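Open the model in your viewer and keep the selection box handy. We will go stop by stop, picking residues and strands as we move.

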Amino acid sequence: MFESAAEPPTAETAAEPKPGEKGAWYVYRCEGGGVRDALYQPPVWIPDGEEEDGPEVSPTALAEQARSQLRLPSLSIKRSPAAEQLVNLPTWLWLERGRWRKVSATASVPGVSVTVTARPTAVDWSMGDGSSRTCKGPGTPYGTGPGAKGAAQPKNASPDCGHTYRASSAGEPDEAYPVSATVRWSLAWSGAGESGAFPGLTTTSSAAFRVEESQAVNTDRQ
C-alpha cells in the first residue's frame, strides 16, 4: 500500500512534481500476516485527482423540464342568453377572459435558468349540433366592447365569436347539445442565450346548451 511520506525524497530518489501541481509524496509499504516488507522503495509523487464538474445541463433539457411544470388553466364557457338558447337567435360565445393570458414556468440549475411561456392563440368550438367554428380570441362578452350599446341587441350576432342554432335540442341526451371549447396554446422558451419552441398544447372546456323553439324573440339576455 502507499502511505504519505513524512519528508519529500531527494532528487536522486524521485522526480519533482510539476510546477504548481497539487498532490503528495507517497511511500510504498507492504505489511500483513505479521510480516512487514523491509525492502526500500523510493517515494513517488501522486498528483491530486482533477475535480470533476457536475453534469452539464443543456438549456434544451431545462426547457423540457420547465414545460413539464406548466399548469394551463381551464377557461369557463360563457354564453348569452345565459340560460336556454333559442332557435334562430344568435348565441354569443366567449371564455373566461380573466384567464385568457400567458402562463410561464421556469427551470434552473446554478448559473442557468430557462423559462417556457404558453400563450392562448385560438379556440375551436364544437357546438353539439354538428357545426363547429374557430375563434381567434376568447370572444366578446354580450353587451361589452366597442359599439356595445348598439351591438348588444337580441338579433345581433357576436362581432367575433358566436353561433345560431337552427334546431332545438329536444331529443338529445339530457335535452341539451354538448358544447366544447378547445383552446390552442403556443409554447416558446428562452434562457442561457438560447431560445426555441415546442409543439403547441390544448385545453378543453365543456358545457351543455339547451336550445328551445320560440315564436318571439326573448330580449331579456344576460
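**Stop one: Gln 85**

Select Gln 85, which sits in strand β7, spanning residues 85-86. Keep in mind that this is a predicted model. Is Gln 85 buried or exposed? Gln 85 counts as buried, because its relative accessibility is 0% and the cut-off for buried is under 20%.

Now show the surroundings. Setting aside neighbours within four places in sequence, Gln 85 contacts Arg 79, Ser 80, Thr 91, Tyr 165, Phe 209, Arg 210, Val 211 and Glu 212. Pick Phe 209 from that set. Its C-alpha atom is 6.9 Å from that of Gln 85, although 124 residues separate the two along the chain. Then pick Thr 91. Its side chain makes a polar contact of 2.9 Å with the side chain of Gln 85.

**Stop two: the three-stranded sheet**

Next, select β6, β8 and β12. They form an open sheet in the order β6-β8-β12, and the pairing is antiparallel. Which strands are at the edges? They are β6 (77-80) and β12 (162-164), each pairing on one side only. Turn the view along the sheet: from one strand to the next, the twist averages 25°.

Zoom in on β6 and β8. Strand β8 covers residues 90-95, and four bridges join it to β6 in an antiparallel arrangement. Select Arg 79, a contact of Gln 85 at the previous stop. Opposite Arg 79 stands Leu 93 in β8.

**Stop three: Thr 140**

Leu 93 leads on to Thr 140, because the two are in contact. Thr 140 lies in the loop between β11 (132-135) and α2 (148-151). Loop or not, Thr 140 counts as buried, because its relative accessibility is 13%.

Display what lies around Thr 140. Beyond neighbours within four places in sequence, its contacts are Trp 92, Leu 93, Trp 94, Arg 97, Pro 159 and Asp 160. Which side chain makes a polar contact with that of Thr 140? It is Asp 160, at 2.9 Å.

**Stop four: helix α1**

Finally, select helix α1, residues 59-68. Colour its buried residues: Pro 59, Leu 62, Ala 63 and Ala 66. Why do they count as being on the same side of α1? Because they cover an arc of only 105° around the axis.

Then show what covers them. The cover includes β9 (103-109), β10 (112-126), β13 (177-191) and β14 (194-209).

Methods:
Residues are numbered from 1 along each chain as its sequence is written. This is a predicted model: local features need pLDDT of at least 70, side-chain atom pairs count only at pLDDT 80 or more; totals for chains, interfaces and linings use all residues. Side-chain values use heavy atoms; hydrogens and water are left out. Helices (H or I, at least four residues) and strands (E, at least two) are DSSP runs, numbered from the N terminus. Buried means under 20% relative accessible area, exposed over 50%, partly exposed in between (1.4 Å probe, protein chains only). Contact means heavy atoms within 4.5 Å. A polar contact is a pair of N or O atoms within 3.5 Å; within protein, one must be able to donate a hydrogen and the other to accept it, and residues adjacent in sequence count only if both atoms are side-chain atoms. Two strands pair if DSSP finds at least two bridges between them. Axes are lines fitted to C-alpha atoms, for helices over the stretch in contact, and angles run from 0 to 180 degrees between N-to-C directions. The arc is that of the directions from the helix axis to the C-beta atoms.
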